[in-house]
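Got your viewer open and your selection box ready? Load the model below, and we'll walk through it one pick at a time.

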Amino acid sequence: MEKGLYKPLFGCWCFCAAAKMSGKGPGFFSEIGKRGRDILTKDYNSDQRFTISSSTNSGLDLKSTLVKSRGLSSGDVAAEFKYKNKAVNVKVDTESNVLTTFTVSDVVPSAKTIASIRLPDYSSGKVEVQYLHEHVAFTLGVGLDRSPVIDFSGTMGTPSIAFGAETSYSTSVGKFMKYNAGLCLKMPSSNASVILGDKGDSMKVSYLHQLERLNGGVVVGEISRRFSTNENTLTVGCSYVVDSQTVLKAKLNNHGNLGALLQHELTRKSFLTISSAFETKDLDKSPKFGFTLLLKP
């Protein structure tokens with residue numbers, strides 16, 4: 001494995017800031033703090049999930065997923081076809097919802113256009129434009145109904161430092177439904193972010209540090225505060241690369257919520273993920289376990 005660049009497992013990445021810094025532009029607003037969030041939240045679940053996917057040389061990808069959660073079962077089948085700079089994705093679930101997404105890249109340089117609709121709700125249509133350039137990135141989404149919601153986010157900076165904001169405006173009520181702001185600083189072996197959300201009522205500060213001596217491990221610390229209730233939450237987490245096929249993750253917050261996760265690559269692109277959650281301050285509660293199996297022949 002190349003030094004400083006860690007092998008990605010399904011949904012569980014051990015990050016190298018140096019590799020991400022080589023990317024183009026400051027990134028979108030949704031990417032601010034994303035590395036830390038992935039370590040602390042991604043793939044932790046209490047469901048049983050089975051997914052099988054396959055790909056063809058013609059650009060067609062098929063995926064089928066079954067999920068059992070709280071005694072209820074559900075599932076979906078998805079198909080995606082890619083041709084040059086275009087992609088069409090259709091997903092049908094067990095509740096008879098049909099989600100169709102059409103994506104066109106580089107309509108103009110550095111831009112992507114995404115149109116989606118979820119049937120039978122004809123008012124769910126949406127068109128989004130994404131633009132990523134050397135020092136600026138933005139997204140603009142507009143609902144396709146009589147009183148659309150307009151979503152906008154923008155960032156400015158470089159791959160090393162970026163700041164941005166996002167907002168959502170409802171034309172039906174004539175006011176902003178949300179506005180958030182964030183700042184991200186990336187260094188060769190660490191990165192930090194600050195996000196002010198919930199219309200200024202909450203703040204989240206996170207710091208991620210790469211530990212090369214521990215086989216490519218990552219540690220994350222996050223502090224979140226809600227000003228209206230004076231509630232504070234401190235969460236620490238880590239990700240440890242056991243070998244090129246296995247990753248361990250763990251997290252704990254000041255409320256006593258402990259989570260652990262093991263992810264193993266069974267064969268190339270096929271993964272087994274087992275996660276658990278414990279209430280350390282109330283050991284009488286039964287622990288929760290999650291199981292995910294992804295098979296890609």
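What follows is a tour of charged pairs, one helix and some aromatic rings.

First, some housekeeping. This is a predicted model, where local features need pLDDT of at least 70 and side-chain atom pairs count only at pLDDT 80 or more, while totals for chains, interfaces and linings use all residues. Residues are numbered from 1 along each chain as its sequence is written, and side-chain values use heavy atoms, with hydrogens and water left out.

**Stop 1: helix 2**

Select residues 34-41, which make up helix 2 (helices are DSSP runs of H or I with at least four residues, strands are runs of E with at least two, and both are numbered from the N terminus). Show the side chains of Lys34 and Asp38: they form a salt bridge, with the closest N and O atoms 2.7 Å apart. The term means a side-chain nitrogen of Lys or Arg within 4 Å of a carboxyl oxygen of Asp or Glu. By that rule the model has six salt bridges.

The two partners sit four residues apart, about one turn of the helix. An α-helix has 3.6 residues a turn, so residues three or four places apart point the same way.

Now colour by accessibility (buried is under 20% relative accessible area, exposed is over 50%, partly exposed is in between, with a 1.4 Å probe and protein chains only). Lys34 is partly exposed at 34%, whereas Asp38 is buried at 11%. Asp38 has company: the buried residues of helix 2 are Arg35, Gly36, Asp38, Ile39 and Leu40. Step just past the helix and check the backbone of Asp43, which takes a positive phi of about 75°.

**Stop 2: a ring with a charge over it**

Pick Tyr44 and Lys251. Lys251 lies over the face of Tyr44, at 4.2 Å from the ring centre. To qualify, NZ of Lys or CZ of Arg has to be within 6 Å of the ring centre and within 35 degrees of the ring normal.

**Stop 3: strands 10 and 11**

Next, select Glu166 and Lys178, a salt bridge with its closest N and O atoms 3.8 Å apart. This pair links distant parts of the chain: Glu166 is in strand 10 (residues 161-170) and Lys178 in strand 11 (residues 175-187), twelve residues apart. Both ends are partly exposed, Glu166 at 21% and Lys178 at 34%.

**Stop 4: a charged network**

Which residue does Asp198 meet in a salt bridge? Arg226, at 3.0 Å from N to O. Asp198 lies in the loop between strand 12 (190-197) and strand 13 (202-211) and Arg226 is in strand 14 (residues 217-226), so the contact ties together parts 28 residues apart in sequence. Asp198 is partly exposed at 43%, and Arg226 is partly exposed at 31%. Add Asp201 to your selection: salt bridges that share partners join Asp198, Asp201 and Arg226 into one network.

**Stop 5: the rings**

Switch to aromatics. Rings of Phe, Tyr and Trp (its six-membered ring) pair if their centres lie within 6.5 Å; planes under 30 degrees apart count as stacked, over 60 as edge-to-face and the rest as tilted. That gives four aromatic pairs.

One of them is Tyr169 with Phe176, edge-to-face at 5.0 Å centre to centre and 65° between the planes. Tyr169 is partly exposed at 28%, and Phe176 is partly exposed at 44%. Then jump to Phe278 and Phe289, edge-to-face at 6.2 Å and 90°. Phe278 belongs to strand 18 (residues 270-279) and Phe289 to strand 19 (residues 288-295), eleven residues apart.

Last pick: Tyr131, Phe138 and Phe152, which ring pairs link into a cluster.
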